[in-house]
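Grab a coffee and work through these exercises with the model open beside you. Each one sets a task and then walks through a solution.

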Amino acid sequence: MSAPAFLDWRRARASDPDPCQICRKPALMRDPETNQPKRKVCAEQALAARRAENEAA
């Protein structure tokens, strides 16, 4: 079993709320790599799901 997926959001910027690219709820933070509005919880869950898929393959 792999370690939990945690992202480094120290470089992320905040701005006015926009819909999260994953769940569509208001997101203040921008993904530090893509600058898309994302909630940290959603981004970490999506990363964990991708890692689980890769391990299953």
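**Exercise 1. A salt bridge from a strand**

Which residue's side chain meets that of D18 in a salt bridge? Keep in mind that you're looking at a predicted model.

*Solution.*
Step 1: Look for the partner. The side chain of D18 pairs with that of R30, at 2.7 Å from N to O.
Step 2: Place both ends. D18 sits in strand β1 (residues 14-19), while R30 is in the loop between β2 and α1, so the pair links distant parts of the chain, 12 residues apart.
Step 3: Check the cover. Buried means under 20% relative accessible area. R30 comes out at 4%, so it counts as buried. D18, at 36%, is partly exposed.

**Exercise 2. The surroundings of K38**

Find K38 and work out where it lies, what it touches and which acid it pairs with.

*Solution.*
Step 1: Locate the residue. K38 belongs to the loop between β2 (26-29) and α1 (40-56).
Step 2: Decide whether it is buried or exposed. Its relative accessible area is 15%, and the cut-off for buried is under 20%, so K38 is buried.
Step 3: List the neighbours. Leaving aside residues up to four places away in sequence, K38 touches W9, C20, Q21, I22, A27, M29, D31 and A43.
Step 4: Pick out the acid. The D31 side chain forms a salt bridge with that of K38, at 3.4 Å from N to O. Both D31 and K38 are buried.

**Exercise 3. Along the helix**

Take α1 and test whether its span fits its number of residues, then look at a charged pair within it.

*Solution.*
Step 1: Work out the expected span. With 17 residues at 1.5 Å a residue, α1 should span 24 Å.
Step 2: Compare with the model. The end C-alpha atoms of α1 are 24 Å apart, which agrees.
Step 3: Find the pair. E44 and K40 join their side chains in a salt bridge at 2.8 Å, N to O. Both are in α1, four residues apart, or about one turn of the helix.
Step 4: Ask why that spacing suits a pair. An α-helix has 3.6 residues a turn, so residues three or four places apart point the same way.
Step 5: Compare the cover. E44 has a relative accessible area of 11%, so it is buried. K40 has 38%, so it is partly exposed.
Step 6: Add the other buried positions. C42, A43 and L47 are buried in α1, along with E44.

**Exercise 4. Positive phi without glycine**

What is the phi of R24, and what is the phi of N35? Say where each residue sits and how exposed it is.

*Solution.*
Step 1: Take R24. Its phi is near 75 degrees, a positive value in a residue other than glycine. R24 is in the loop between β1 and β2. Its relative accessibility is 53%, and exposed means over 50%, so R24 counts as exposed.
Step 2: Take N35. Here phi is about 65 degrees, again positive although N35 is not a glycine. N35 lies in the loop between β2 and α1. With a relative accessible area of 41%, N35 is partly exposed.

**Exercise 5. P17 and its contacts**

Which residues does P17 touch, not counting residues up to four places away in sequence?

*Solution.*
Step 1: Place P17. It is found in strand β1.
Step 2: Read off the contacts. They are P26, A27 and L28.
Step 3: Set a distance against the helix. P17 and E44 are 27 residues apart in sequence, and their C-alpha atoms are 19 Å apart in space.

**Exercise 6. The whole chain**

Now zoom out and describe the protein chain overall.

*Solution.*
Step 1: Count the elements. There are one helix and two strands, and from the N terminus they run β-β-α.
Step 2: Describe the box. The C-alpha atoms fill roughly 40 × 20 × 15 Å along the principal axes.
Step 3: Turn to burial and surface. Of the 57 residues, 23% count as buried. The accessible surface comes to about 4400 Å², with 52% of it belonging to carbon and sulfur atoms.
Step 4: Look at contact range. Among contacts between residues at least 6 apart in sequence, 24% join residues at least 24 apart.
Step 5: Finish with charge. The chain has 11 positive and 8 negative charges, and their mean positions are 3 Å apart. The structure holds four salt bridges, among them D18 with R30.

Note on methods:
Residues are numbered from 1 along each chain as its sequence is written. This is a predicted model: local features need pLDDT of at least 70, side-chain atom pairs count only at pLDDT 80 or more; totals for chains, interfaces and linings use all residues. Side-chain values use heavy atoms; hydrogens and water are left out. Buried means under 20% relative accessible area, exposed over 50%, partly exposed in between (1.4 Å probe, protein chains only). Contact means heavy atoms within 4.5 Å. Accessible areas come from the Shrake-Rupley method with a 1.4 Å probe; for residues, only the protein chains shown count as cover. Lys and Arg count as positive and Asp and Glu as negative; His and the chain ends are not counted. The place of a charge is taken as NZ of Lys, CZ of Arg, CG of Asp or CD of Glu. The expected span of a helix is 1.5 Å times one less than its number of residues.
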